[in-house]
Amino acid sequence: MSFQVILDEVEKNITKILGDLQCNDVAFSVSPSKSDFGDVSCNVSFLLAKQLKKSPQNIAQIISAKYEKCEHTLVSAVKAHESGYVNFIADWKKLSTLILLGSFSDEFGYTDLGKGMTVVVEHTSVNPNKALHIGHVRNIIIGDVISRLLQKTNHKVNVLNYIDDSGLQVADIIIGFRHFGFSEDPPEGKKFDHYCGDDVYVKTTAKYDGDPSLQDIRKEILCEIEDGTSEIAQFASRITQRVLANQLETCWNLGVTYDCLNFESQIIRSGLWGTTFEKLKKMKLVEYDDVGENSGCWVIRGHDNDKDKVLVRSTGTATYIAKDIPYAAWKLGLLGDPFGYIIYDKKQPGGKTLWQTTLDDISEKCSFAGSKVITVIDSRQARLQNIIADLMSKFESEGAYVHLGYESVTLSSDTAKILGLNTEGKQAQMSGRKGLYVNADSVYDSLLTRTAEETARRHPEMDVSEVNQIAHYVSVGTLRYEMIKQDLDKIITFDLAKSLNLEGDTAPYIQYTYARASRILEKSSRPYSDADCTLLSEQAELQLIRMIGMFGISVRDATINLSPKVIARYCHDLAVAFNEFYEKVRVLGLDDTTLEDSRVHLVASFKTTLKMALDLLGISTPEKM
């Protein structure tokens with residue numbers, strides 16, 4: 001059990017009191033208190049003031065008196081605060097035992113928000129023409145943590161990665177290979193995705209301004225890719241598959257896996273668009289313009305001050321949004337599934353099966369649709385995503401399609417300078433076309449090198465493989481934590497030097513705290529499974545127990561609000577509470593062995609809870625650092 005158990009008890013009794021007062025349907029809240037206001041607070045007095053024609057303070061006194069007569073086991077005292085809040089003091093002898101014993105259960109922190117509902121989470125979806133940069137990592141980690149939270153709260157989750165293998169950026173690298181003589185083999189020691197992005201893509205697109213004929217070649221290649229039958233289409237498929245394989249290696253190294261890869265080229269050729277277009281016309285969700293700038297086009301009418309969005313051009317060709325609409329409908333299971341599915345030819349870490357769509361006959365039938373879809377795309381795509389969400393609400397139900405937006409990752413001026421760019425002291429927006437980005441693999445390698453050196457210095461007794469394993473855990477943890485500790489609506493300014501800092505509000509600080517707890521347990525020779533938790537009464541002990549008990553509440557909050565930051569903040573606060581406990585309370589070598597057992601039990605509970613919380617963030621927990 002978690003801290004939620006006392007909240008539930010208070011809520012139940014307040015509801016009973018409201019019934020006695022004949023005040024029903026009052027949407028009061030019960031929540032953990034801020035310091036100096038007890039352990040639990042309720043705002044019910046403010047909501048009753050008008051109805052009972054009394055001040056909130058007087059009502060709080062009435063509620064407090066009535067509560068004392070209710071049956072309760074986890075509340076030791078009720079106080080009417082002068083502000084009008086009703087505050088409750090926990091019976092920590094009882095609550096501590098419930099929290100600490102419950103923390104060792106696999107179900108600790110579990111809350112049944114999903115009721116088994118299937119949710120599709122789409123993330124990553126990077127054009128297969130280049131390596132992943134640090135900006136992409138924010139998308140990937142947000143999507144992965146959201147998936148983990150949904151699974152923890154009893155949702156069945158299908159994680160999809162949309163591969164735009166028929167877009168302009170793919171056409172650009174094909175021009176590079178076929179018209180500018182770039183070799184299909186990258187320089188020795190360079191990954192193929194790095195080579196395509198750093199060399200082929202950047203150098204090819206730089207030639208467009210000086211040679212307008214390249215635009216016509218680009219259009220021809222796009223048409224051939226969409227048709228899918230030509231030699232160029234087969235070549236493009238081979239190139240993008242090689243890039244995709246390298247991108248997936250980067251993702252897997254960061255602890256991210258998927259259920260299915262969906263290819264845009266197959267969506268185009270599947271016939272889904274034709275079916276969707278007829279449905280849109282039948283439902284009068286699109287209109288045909290015969291006058292004005294969009295004459296001859298099918299459009300989606302803009303709302304408020306938004307312009308109309310062209311869906312089908314006067315030439316009869318569909319715009320890019322025409323690819324996204326049927327894909328969204330397919331994810332919600334609103335269209336017949338034209339795809340077959342085959343297993344991807346490389347295994348994911350952990351053995352999770354990765355499927356990919358195909359239009360070939362030799363395949364299996366699967367289902368990756370869901371009752372709800374969460375699409376992780378940066379906020380610059382908000383208008384398009386709002387159009388899709390609006391259409392899907394008319395197809396299905398309100399809220400079935402959710403755009404989870406986030407702000408971009410920019411480069412600090414110092415980092416831009418390292419890349420040889422003069423930004424005049426300003427931040428720089430990343431651009432793959434201009435070659436302005438920090439490669440995700442390079443950042444990981446830099447972190448790995450520094451962490452391995454520090455680990456080897458601290459632990460000369462370790463062999464190289466153990467040092468490298470710890471360095472990997474810390475490097476991945478650092479990258480993941482940096483991408484989710486901010487609010488999603490805040491821009492992250494990535495600084496290459498600062499990202500290597502292993503102190504402060506970072507994953508290494510939290511991981512080191514976990515390792516500190518591991519050392520205590522390693523030194524302890526006492527059994528603690530039957531420890532008497534009622535002996536834990538020091539303020540630092542109770543604060544740590546309270547934080548442990550807040551795990552389930554944090555999981556619920558993070559899932560409902562689709563906010564990974566909530567769990568990141570919880571992990572940091574839990575680590576801070578443990579370190580304060582560590583500084584103020586002696587655990588081992590006590591004359592009172594019964595108390596020592598209780599404190600060791602608390603350390604073990606902390607360690608178990610922090611591991612579960614970090615697992616939700618995809619951050620590993622080394623026993624030594």
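This report describes the overall build, the nonpolar cores and several individual residues of a predicted protein model.

## Basis of the description

Residue numbers start from 1 along each chain as its sequence is written, and side-chain values rest on heavy atoms, with hydrogens and water left out. Since the model is predicted, local features need pLDDT of at least 70 and side-chain atom pairs count only at pLDDT 80 or more, while totals for chains, interfaces and linings use all residues.

## Overall build

The protein has 21 helices and 17 strands. Both are DSSP runs numbered from the N terminus: helices are H or I with at least four residues, and strands are E with at least two. The radius of gyration is 28 Å and the globule rule gives 25 Å for 625 residues, so the protein is as compact as a globular protein of that length. That radius is taken over C-alpha atoms, and the rule is 2.2 Å times the number of residues to the power 0.38. The C-alpha trace spans about 80 × 70 × 55 Å along the principal axes.

Of the contacts with a separation of 6 or more, 73% are between residues 24 or more positions apart; contact means heavy atoms within 4.5 Å.

## Surface and charge

Buried residues make up 54% of the 625 residues. Buried means under 20% relative accessible area, exposed means over 50%, and partly exposed is in between, with a 1.4 Å probe and protein chains only. The accessible surface comes to about 28300 Å², and carbon and sulfur atoms hold 48% of that area. The areas come from the Shrake-Rupley method with a 1.4 Å probe; for residues, only the protein chains shown count as cover.

The protein has 70 positive and 85 negative charges, and their mean positions are 3 Å apart. Lys and Arg count as positive and Asp and Glu as negative, whereas His and the chain ends are not counted. Each charge is placed at NZ of Lys, CZ of Arg, CG of Asp or CD of Glu.

## Nonpolar cores

In soluble globular proteins, nonpolar side chains tend to be buried together. A nonpolar core is here a set of buried Ala, Val, Leu, Ile, Met, Phe, Trp, Tyr and Cys residues joined through side-chain atoms within 4.5 Å. The largest such core has 128 residues, and Phe-3, Ile-14, Val-44, Phe-88, Ile-134 and Leu-617 touch the most other members. Helix H21 gives the most to this core, with 10 residues. Apart from it lies another core of 37 residues, including Leu-272, Trp-273, Ile-325 and Ala-329.

Beyond its neighbours within four places in sequence, Ile-134 is in contact with Val-409, Met-430, Val-438, Ala-440, Val-443, Leu-479, Met-483 and Phe-494.

## Around helices H18 and H21

Leu-536 lies in the loop between helix H17 (507-523) and helix H18 (539-549). Its relative accessible area is 3%, so Leu-536 is buried. Leaving aside neighbours within four places in sequence, the contacts of Leu-536 include Leu-100, Ile-545, Ser-598 and Leu-602. Ile-545, in helix H18, has a relative accessible area of 0% and is therefore buried. With residues up to four places away not counted, Ile-545 touches Trp-92, Ser-96, Ile-99, Leu-100, Leu-536 and Leu-602.

Helix H21 (residues 593-616) holds Asp-597. Asp-597 is buried because its relative accessible area is 11%. Outside its neighbours within four places in sequence, Asp-597 is in contact with Arg-526, Pro-527, Tyr-528 and Ala-531.

## Residues in other loops

Asp-165 sits in the loop between strand S6 (156-163) and helix H6 (168-179), and at 11% relative accessibility Asp-165 counts as buried. Not counting residues up to four places away in sequence, Asp-165 touches Pro-128, Val-170, Ile-225, Thr-240, Phe-263, Glu-264 and Ser-265. The C-alpha atoms of Asp-165 and Ile-14 are separated by 58 Å, with their positions 151 residues apart along the chain.

Lys-53 and Thr-124 are each described by a positive phi: about 55° for Lys-53, which is not a glycine, and near 75° for Thr-124, likewise a residue other than glycine. Lys-53 is in the loop between helix H2 (44-52) and helix H3 (56-68) and counts as exposed at 76% relative accessibility. Thr-124 is in the loop between strand S5 (118-122) and helix H5 (134-152) and counts as buried at 7%.
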